[in-house]
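User: I am new to this structure and would like to learn how to read it. Could you take me through it one feature at a time?

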Amino acid sequence: MADASAICRSHSFESDEEIDGIRKRLLTWYEANKRDLPWRSRKAQSLNEKAYAVWVSEVMLQQTRVAAVIDKYKIWMKKFPAVEDLAKASLDEVQELWSGMGYYSRCKKLHEAAQKVVNDLNGIIPTSCEELAKQLPGVGRYTAAAIASIAFNERVGIVDGNVIRVLSRLRRVGVAHNSKIAENHFWFCSNKLVDEECPGDFNQALMELGATVCTPKSPACSSCPVSSSCLALKQVHEQRKFASSKFSKTDNGSLPDIESSGCSLCLPPTEPWDSDKGVTNFPRRGKKTAVKTEEFISGVTSFRSNDIDYYLIVKRPSTGLLAGLWEFPTVPFLSSNGEKKIQLLGHLRKFLSEDELSEVEIRESKTVSHLFSHRRHIYHIHKIILSINHQTSQSLSKDLVHFKWVTEEELFRLAISAAVKKMFEASGDIVSPNVGSKTRKRKLNGTQQSLEKFFKSK
Ligand SMILES: [Zn+2]
């Protein structure tokens with residue numbers, strides 16, 4: 001909790017009665033209104049199985065919309081119904097299934113943690129919040145609390161984006177929601193509120209309320225089961241009352257003093273209550289983390305055989321961003337290294353023979369930009385078409401880079417990032433001069449040239 005001397009009492013809960021009331025109303029509402037989601041209706045034979053099912057759903061739901069998770073979850077649980085099945089699978093298989101949901105490190109950690117459960121913990125998932133977070137890679141405070149409360153009935157609160165929104169409105173927490181003081185306070189509140197008998201249902205109810213009623217832009221306060229305890233809504237009402245009685249002698253003429261100066265959880269005096277925003281005054285966003293931009297050159301490289309196009313794809317290193325995923329050959333763009341094409345062709349020599357590279361058509365495509373969590377990647381796409389059919393020789397790889405040739409259909413079945421899909425689409429926009437085009441044909445000014453020329457000119 002925040003330093004008690006510096007915060008107003010209203011940010012906490014007034015009494016046990018108030019807490020009881022919130023619990024009862026929220027649980028009753030949840031029972032009647034909860035969405036039918038596959039991880040809620042799934043029958044488990046044991047608590048261990050239940051914990052695994054909750055764990056998978058919680059990891060999938062981080063940063064991904066519920067609608068996008070539902071089908072993936074069903075397929076996943078069919079393929080890996082138990083933690084042992086997940087542990088046995090290869091990372092490739094697991095990532096292929098994950099494909100399309102982004103944030104691949106979550107999937108990699110989940111796989112790693114499943115192996116740890118099977119190999120080091122006798123197949124038993126830890127049963128307490130503390131042990132879950134301590135033992136399992138990728139399981140942080142939130143996921144641990146979700147598994148412990150939902151599967152094992154541990155009385156522990158949770159804090160995620162939905163909970164932050166609900167709590168910040170309920171208790172008028174106006175300081176940046178990602179600040180340390182706010183974060184501690186949200187955990188304090190959620191641990192205080194969580195129901196003693198049904199902590200799992202209560203936590204799900206709180207998240208469900210944030211997802212369906214107490215939404216970011218247009219909260220449905222009139223159908224909120226805990227609106228009578230909501231201090232943000234109270235402030236809206238007081239504001240209205242004040243506005244209508246402004247010129248009346250019965251009122252003392254000043255707005256009820258809600259913000260207390262010096263309180264480290266109230267709205268900051270520099271950005272006070274905005275009456276147009278109502279309850280959406282809360283939560284307040286923190287300063288955005290600066291996004292780092294990096295530029296790359298990518299080659300969507302293909303050859304055609306029997307009317308089928310084959311694409312060259314390369315596997316990324318097993319650590320770092322997008323670890324272990326497949327992508328088109330890509331190199332960082334360094335303007336000091338000269339022309340993009342030369343840099344790219346130099347890179348392609350790792351995978352292609354001089355013979356193959358001697359007859360290539362290079363078309364410059366547009367630039368594709370993709371935002372990862374805190375990085376923006378800009379890809380300068382080139383479409384590289386080999387005239388010579390590739391003779392599936394893997395021995396060309398000079399530094400054992402993992403690569404292969406795939407059809408379009410195979411490509412989309414592999415574990416690839418959304419950025420790769422964008423690149424593929426971008427490359428499709430530049431069509432061959434002898435194919436009907438959906439976009440304006442580019443003039444292939446001098447792009448049909450041999451590699452020799454490039455390297456000789458170096
Ligand atoms: Zn305050």
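The dialogue below takes up confidence, strands, the core and one loop residue in turn.

User: What should I know before I begin?

Analyst: This is a predicted model, in which local features need pLDDT of at least 70 and side-chain atom pairs count only at pLDDT 80 or more, while totals for chains, interfaces and linings use all residues. Residues are numbered from 1 along each chain as its sequence is written.

User: What is the average pLDDT of the protein, and which helix has the lowest mean?

Analyst: pLDDT is the predictor's confidence in each residue, from 0 to 100. The protein averages 85, and 86% of the residues score at least 70. Among its elements, helix α18 (residues 451-456) has the lowest mean, 39, and helix α5 (residues 83-88) the highest, 98; helices (H or I, at least four residues) and strands (E, at least two) are DSSP runs, numbered from the N terminus.

User: Where does pLDDT stay under 50?

Analyst: Where pLDDT is low, the predicted coordinates should not be read in detail. Here pLDDT stays under 50 over residues 393-399, and also over residues 431-458.

User: Which strands pair with β6?

Analyst: Two strands pair if DSSP finds at least two bridges between them. Strand β1 (residues 292-305) runs parallel to β6 (residues 375-386), with 11 bridges joining them, and Val300 has Lys383 as its bridge partner in β6. Strand β5 (residues 360-371) runs antiparallel to β6, with 10 bridges, one of which pairs Ser369 with Ile378; a hairpin of 3 residues joins β5 to β6.

User: Which residues touch the most other members of the largest nonpolar core?

Analyst: In soluble globular proteins, nonpolar side chains tend to be buried together. A nonpolar core is a set of buried Ala, Val, Leu, Ile, Met, Phe, Trp, Tyr and Cys residues joined through C-beta atoms within 7 Å, where buried means that 20 or more other C-beta atoms lie within 10 Å of a residue's own, exposed means 12 or fewer, and partly exposed lies in between, with C-beta atoms placed from the backbone. The largest core has 102 residues, of which Val54, Ile147 and Val163 touch the most other members. Helix α3 (residues 47-61) gives the most to this core, with 9 residues.

User: Is Ala290 buried or exposed, and why?

Analyst: Ala290 counts as exposed because it has 7 C-beta neighbours inside 10 Å. Ala290 lies in the loop between α13 (231-244) and β1, and its C-alpha atom is separated by 7.2 Å from that of His374, although the two residues are 84 residues apart along the chain.

Note on methods
Contact = placed C-beta atoms within 7 Å.
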